[in-house]
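Reader: Hi! I'm new to reading structures and would like a close look at one part of this one. Could you walk me through how some of its helices pack together?

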There are 2 protein chains.
Amino acid sequence: MTRGSIPILRVGSNLIVSVQRDLHDAIAEAFQEDLLVTIEKDGATGLLIDISALDMVDSYVARVLADTGRMAKLMGTETVIVGMRPEVAATLVRMGYTMAGVRTALNVDEGLIVLARRGRK
Amino acid sequence: MTRGSIPILRVGSNLIVSVQRDLHDAIAEAFQEDLLVTIEKDGATGLLIDISALDMVDSYVARVLADTGRMAKLMGTETVIVGMRPEVAATLVRMGYTMAGVRTALNVDEGLIVLARRGRK
């Protein structure tokens with residue numbers, strides 16, 4: 001199992017992750033664990049997950065993403081998921097999956113603005 | 001029963017509690033009662049509960065913590081739970097427990113910032 005295969009970048013007080021392959025099985029768990037440990041270690045206040053490279057997000061991956069946001073939230077870190085492609089958004093809504101409780105933004109820039117706003121509150 | 005066994009520190013207008021053992025049974029009740037009485041006595045505006053020493057938080061303990069925050073809120077005191085470890089966050093979310101309505105922060109410093117911001121609003 002390749003651990004830490006999804007690079008986690010630190011930008012200011014935020015972490016930025018660009019997901020470029022399917023988050024399935026062991027990869028999903030390693031992804032969550034890596035992220036949470038990095039949040040604890042680096043003291044990040046915000047987490048931005050870019051999924052613009054994903055052409056398809058099934059309900060399992062959507063749940064992994066939403067769960068990751070909820071876990072980070074319990075640790076005190078806001079999560080924004082950015083770059084969801086139109087066809088992904090359409091499919092998720094048709095499946096009845098709206099990722100309740102997770103913040104979203106159009107792209108990385110907008111996501112960072114959302115996180116900065118939360119920081120000031 | 002050892003009452004008052006979890007020390008409650010006063011820092012400015014906030015109370016800081018560091019939970020270092022499992023909040024079960026009588027200890028949980030004594031913990032909540034001590035906290036609420038201290039809030040009333042000292043007139044604290046914020047309560048910070050540090051759980052970084054807990055390697056495991058089951059659903060009972062999670063509920064005790066969330067309930068304590070809600071009780072303090074009813075008395076007019078904001079609660080922030082800080083220092084949740086990655087594995088604890090992961091387990092709680094997988095159990096479907098997201099501690100709704102409770103504020104969280106990464107560590108004591110961030111928690112005090114959250115409380116200070118609330119104070120200004």
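In which hand of crossing, left-handed or right-handed, does H2(A) pass H3(B)? And please tell me what else goes on around H2(A).

Author: Happy to! Keep in mind that this is a predicted model. To your question: H2(A) passes H3(B) in a right-handed crossing. Here, H3 of chain B covers residues 86-94, and its axis comes within 8 Å of the axis of H2(A), crossing at roughly 130 degrees. Angles from 35 to 65 or from 115 to 145 degrees count as oblique, so H2(A) is oblique to H3(B). On the H2(A) side, the residues that meet the other helix are A:Asp67, A:Arg70, A:Met71 and A:Leu74. Their partners in H3(B) are B:Ala89, B:Ala90, B:Leu92, B:Val93 and B:Arg94. Sort the residues of this contact by class and you get six nonpolar, three charged and no polar.

Now look at what H2(A) does inside its own chain. H2 of chain A spans residues 59-74, while H1 of chain A spans residues 25-42. The axes of these two come within 10 Å and cross at roughly 15 degrees. That angle is under 35 degrees, so H1(A) counts as roughly parallel to H2(A). The crossing of H1(A) past H2(A) is right-handed. From H1(A), the contact draws on A:Asp25, A:Ala28, A:Phe31, A:Gln32, A:Leu35, A:Leu36 and A:Ile39. H2(A) brings A:Tyr60, A:Val64, A:Asp67, A:Thr68, A:Met71 and A:Ala72. By class, the contact of H1(A) with H2(A) has nine nonpolar, two polar and two charged residues. Did you spot A:Asp67 and A:Met71 here? Those two also turned up in the contact with H3(B).

H1(A) meets H3(B) as well. Their axes come within 9 Å, with a crossing of roughly 135 degrees, and that makes H1(A) oblique to H3(B). Once again the crossing is right-handed. H1(A) offers A:Glu29, A:Gln32, A:Leu36, A:Val37 and A:Glu40, and H3(B) answers with B:Pro86, B:Ala90 and B:Arg94. This contact holds four nonpolar, one polar and three charged residues.

One last stop for H2(A) is the second largest pocket, where it supplies four residues, the largest share of the lining. The space in that pocket is about 320 Å³. In total 17 residues line the pocket, and those nearest its centre are A:Gly69, A:Arg70, A:Lys73, A:Glu78 and A:Gly101. You have met A:Arg70 already, in the contact of H2(A) with H3(B). Besides H2 of chain A, strand S4 (78-82) of chain A and strand S5 (103-105) of chain B each give at least two residues to the lining. By class, the lining has five nonpolar, six polar and six charged residues.

Terms used
Residues are numbered from 1 along each chain as its sequence is written. Chains are lettered from A and ligands numbered from 1 in the order in which they are written. This is a predicted model: local features need pLDDT of at least 70, side-chain atom pairs count only at pLDDT 80 or more; totals for chains, interfaces and linings use all residues. Side-chain values use heavy atoms; hydrogens and water are left out. Axes are lines fitted to C-alpha atoms, for helices over the stretch in contact, and angles run from 0 to 180 degrees between N-to-C directions. A crossing is left-handed if the near helix is turned anticlockwise from the far one by less than a right angle, and right-handed if clockwise. Contact means heavy atoms within 4.5 Å. Ala, Val, Leu, Ile, Met, Phe, Trp, Tyr, Cys and Pro count as nonpolar, Asp, Glu, Lys and Arg as charged, and the others, Gly among them, as polar. On a 1 Å grid over the protein atoms alone, a cavity is a set of points where a 1.4 Å probe fits but cannot get out, and a pocket is an open set with protein on both sides within 12 Å along at least five of seven lines; lining residues have an atom within 4 Å of a point. Grid points are joined across faces, edges and corners, and a volume is the space filled by probe spheres set on the points.
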